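Thank you all for making time this morning. I would like to walk through a few side-chain contacts in one chain, so please keep the view in front of you as I talk.

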Amino acid sequence: MKKTATMTEISEQLKIPRTTLNEWRQAFEEFIPCEGEGRSRRYILPDSLEVFQTIAKLKQKETSTEDISKILQKTVPMTIQEVTEQEPALFMGVLEGLAAEMRRANELKEQELTIRLQEIQEQRQYREQMLERLERRNDDVTQALVALREAREQAAASSTVTKRKWWKFNGGI
């Protein structure tokens with residue numbers, strides 16, 4: 001059997017006014033585990049205590065209500081209140097809304113993936129073009145080097161074996 005407590009008992013344990021806890025309960029109801037309705041509502045221990053303590057710490061740091069909700073969404077599993085026979089349409093509406101949000105999020109992720117894949121393909125094409133340019137440039141440089149070697153060899157071969165001196169030298173003085 002689950003241990004439970006009333007709002008007054010939680011107020012006494014945490015030494016926080018019950019009215020403050022009631023405000024927090026209204027603002028963060030989906031994160032506070034409880035059972036029952038109205039005056040017969042009881043809060044499940046120790047989970048509800050931890051949530052109220054977390055809210056108290058964040059409020060002391062002057063954290064906004066929206067930021068507290070975001071933090072609680074990341075740290076506290078949301079509770080689903082029991083659905084009565086009168087609330088199925090509302091509950092189904094909420095579920096349909098969540099499903100629509102999930103579909104939209106999935107569509108956005110698919111669009112993002114498509115864009116990323118296109119970017120990757122463009123980068124590959126660019127890289128291939130650059131490689132082709134570099135290979136052509138490398139071939140051109142290689143051909144130029146070969147032509148220079150051949151020209152040097154031809155120049156060396158065509159030069160006369162005996163070189164003429166540019167000065168006249170009389171053998172003996």
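Let me start with tyrosine 43, which has a relative accessibility of 3% and therefore counts as buried, since the cut-off is under 20%. I should say at once that this is a predicted model, so please take the values as computed ones. Under the pairing rule there is one aromatic pair, and it is formed by tyrosine 43 and phenylalanine 52, arranged edge-to-face with 6.2 Å from centre to centre and 70° between the planes. Phenylalanine 52 is likewise buried, at a relative accessible area of 0%.

Turning to charges, six salt bridges are found in the whole structure. In one of them arginine 42 pairs with glutamate 9, with 3.8 Å between the closest N and O atoms, and this links distant parts of the chain, because arginine 42 sits in strand E3 and glutamate 9 in helix H1, 33 residues apart. Both partners are partly exposed, arginine 42 at 29% and glutamate 9 at 35%.

Another salt bridge joins glutamate 29 to arginine 41, again with the closest N and O atoms 3.8 Å apart. Here glutamate 29 is partly exposed at 31%, whereas arginine 41 counts as buried at 13%.

In helix H5, glutamate 112 and arginine 116 lie four residues apart, about one turn of the helix, and their side chains meet in a salt bridge at 4.0 Å, N to O.

Finally, Met92, Val94, Leu95 and Leu98 make a nonpolar surface patch of about 330 Å², and methionine 92, itself in helix H5, is partly exposed at 43%.

Conventions. Residues numbered from 1 in each chain as written. Predicted model: local features only at pLDDT ≥ 70, side-chain atom pairs only at ≥ 80, totals over all residues. Heavy atoms only, no water. Patch = residues over 30% accessible without salt bridge, like charges linked within 9 Å, V, L, I, M, F, W, Y side chains within 5 Å. Areas by Shrake-Rupley, 256 points an atom, 1.4 Å probe, with all protein chains shown as cover. Helix = DSSP H or I, 4+ residues; strand = E, 2+ residues; numbered from the N terminus. Buried < 20%, exposed > 50% of the residue type's maximum accessible area, 1.4 Å probe, protein only. Phe/Tyr/Trp six-rings, centres within 6.5 Å; stacked < 30°, edge-to-face > 60°.
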